[in-house]
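User: Please take a close look at the interior of this model and describe how it connects to the rest. State the cut-offs as you use each term.

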Amino acid sequence: QEPLVESGGGSVQAGGSLTLSCAASGYTFNRNCMGWFRRALGKEREGVASIYTGGRSTYYADAVKGRFTISHDNSKNTVYLRMNSLKPEDTAMYYCAADSSFGDCYSGLLPDEYNYWGQGTQVTVSS
């Protein structure tokens with residue numbers, strides 16, 4: 001059983017919106033750092049946004065600030081990524097990640113901060 005399962009990816013036109021979901025199964029991440037990463041074809045994985053599920057701290061990459069919003073619902077053990085004003089350069093496989101240790105994110109945008117990963121969901125933005 002995968003601990004993290006992403007959903008909500010798809011194909012949209014530039015300027016459109018999508019909301020990704022990351023549901024945790026078999027684990028409870030309500031005082032942890034959880035994040036979203038993406039990997040575009042031929043590029044390195046990059047941190048997009050992170051959140052401390054025990055509070056309200058959020059962190060964003062400069063490329064998505066003002067357009068993406070990360071949130072969590074501990075009652076559903078789920079983290080969301082609302083993506084607005086999507087651009088073709090946002091096209092990538094998006095991955096959810098969780099840090100099993102308790103506490104706020106250090107930055108939340110570095111892969112080494114996490115030890116659980118989902119399988120990813122594809123987002124394609126056409127111009």
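Analyst:
**The nonpolar core and its surroundings**

The largest nonpolar core (buried Ala, Val, Leu, Ile, Met, Phe, Trp, Tyr and Cys residues joined through side-chain atoms within 4.5 Å) contains 28 residues. Those with the most contacts inside this core are Met34, Trp36, Leu81, Met83 and Tyr94. Seven strands (DSSP runs of E of at least two residues, numbered from the N terminus) each supply at least two residues of the core: E3 (18-24), E4 (32-39), E5 (46-52), E7 (68-73), E8 (78-83), E9 (92-102) and E11 (121-126). A second core of five residues is separate, and Cys33, Ala97, Cys105 and Tyr114 are among its members. Buried here is under 20% relative accessible area, exposed is over 50%, and partly exposed lies in between, with a 1.4 Å probe and protein chains only. In soluble globular proteins, nonpolar side chains tend to be buried together.

The model is predicted, and local features need pLDDT of at least 70, side-chain atom pairs count only at pLDDT 80 or more, while totals for chains, interfaces and linings use all residues. Residues are numbered from 1 along each chain as its sequence is written, and side-chain values use heavy atoms, with hydrogens and water left out.

The setting of the core is a protein chain with eleven strands and zero helices (DSSP runs of H or I, at least four residues). Along the sequence, its pattern reads β-β-β-β-β-β-β-β-β-β-β. Of the 127 residues in the protein chain, 42% are buried. Contacts (heavy atoms within 4.5 Å) with a separation of 6 or more come to 61% from residues 24 or more positions apart. Because a compact globule of 127 residues would have a radius of gyration near 14 Å, the 13 Å of the protein chain agrees with that expectation. That radius is taken over C-alpha atoms, and the rule is 2.2 Å times the number of residues to the power 0.38. Along the principal axes, the C-alpha atoms occupy a box of roughly 40 × 30 × 25 Å.

Three of the strands named above, E3, E7 and E8, belong to an open sheet of four strands, with the order E1-E3-E8-E7 and antiparallel pairing. Strands pair when DSSP finds at least two bridges between them. The edge strands are E1 (4-7) and E7, each of which pairs on one side only.

Taking the sheet from the E1 side, E1 and E3 run antiparallel and are joined by four bridges. Val5 stands opposite Ala23 in E3 within that pair. E3 is largely enclosed by the rest of the structure, because five of its seven residues are buried. On to E8, six bridges join E3 to it in the antiparallel sense. The bridge partner of Thr19 in E8 is Arg82. Arg82 turns up again in the next pair, where it stands opposite Thr69. That pair is E7 with E8, antiparallel over six bridges.

E7 and E8 also form a hairpin with four residues between the strands, in which Asn77 takes a positive phi near 55 degrees. Asn77 lies in the loop between E7 and E8. Most residues other than glycine have a negative phi. Asn77 is not a glycine, yet its phi of about 55 degrees is positive. With a relative accessible area of 15%, Asn77 counts as buried. Past E8, Ser85 also has a positive phi, about 50 degrees, although it is not a glycine. Ser85 sits in the loop between E8 and E9. In contrast to a buried residue, Ser85 is partly exposed, at a relative accessible area of 40%.

One further residue shows the interior from another strand. Phe37 is part of strand E4, which is one of the strands that supply at least two residues of the largest core. Phe37 counts as buried because its relative accessibility is 0%. Its C-alpha atom is separated by 18 Å from that of Ser11, and the two residues are 26 apart along the chain.
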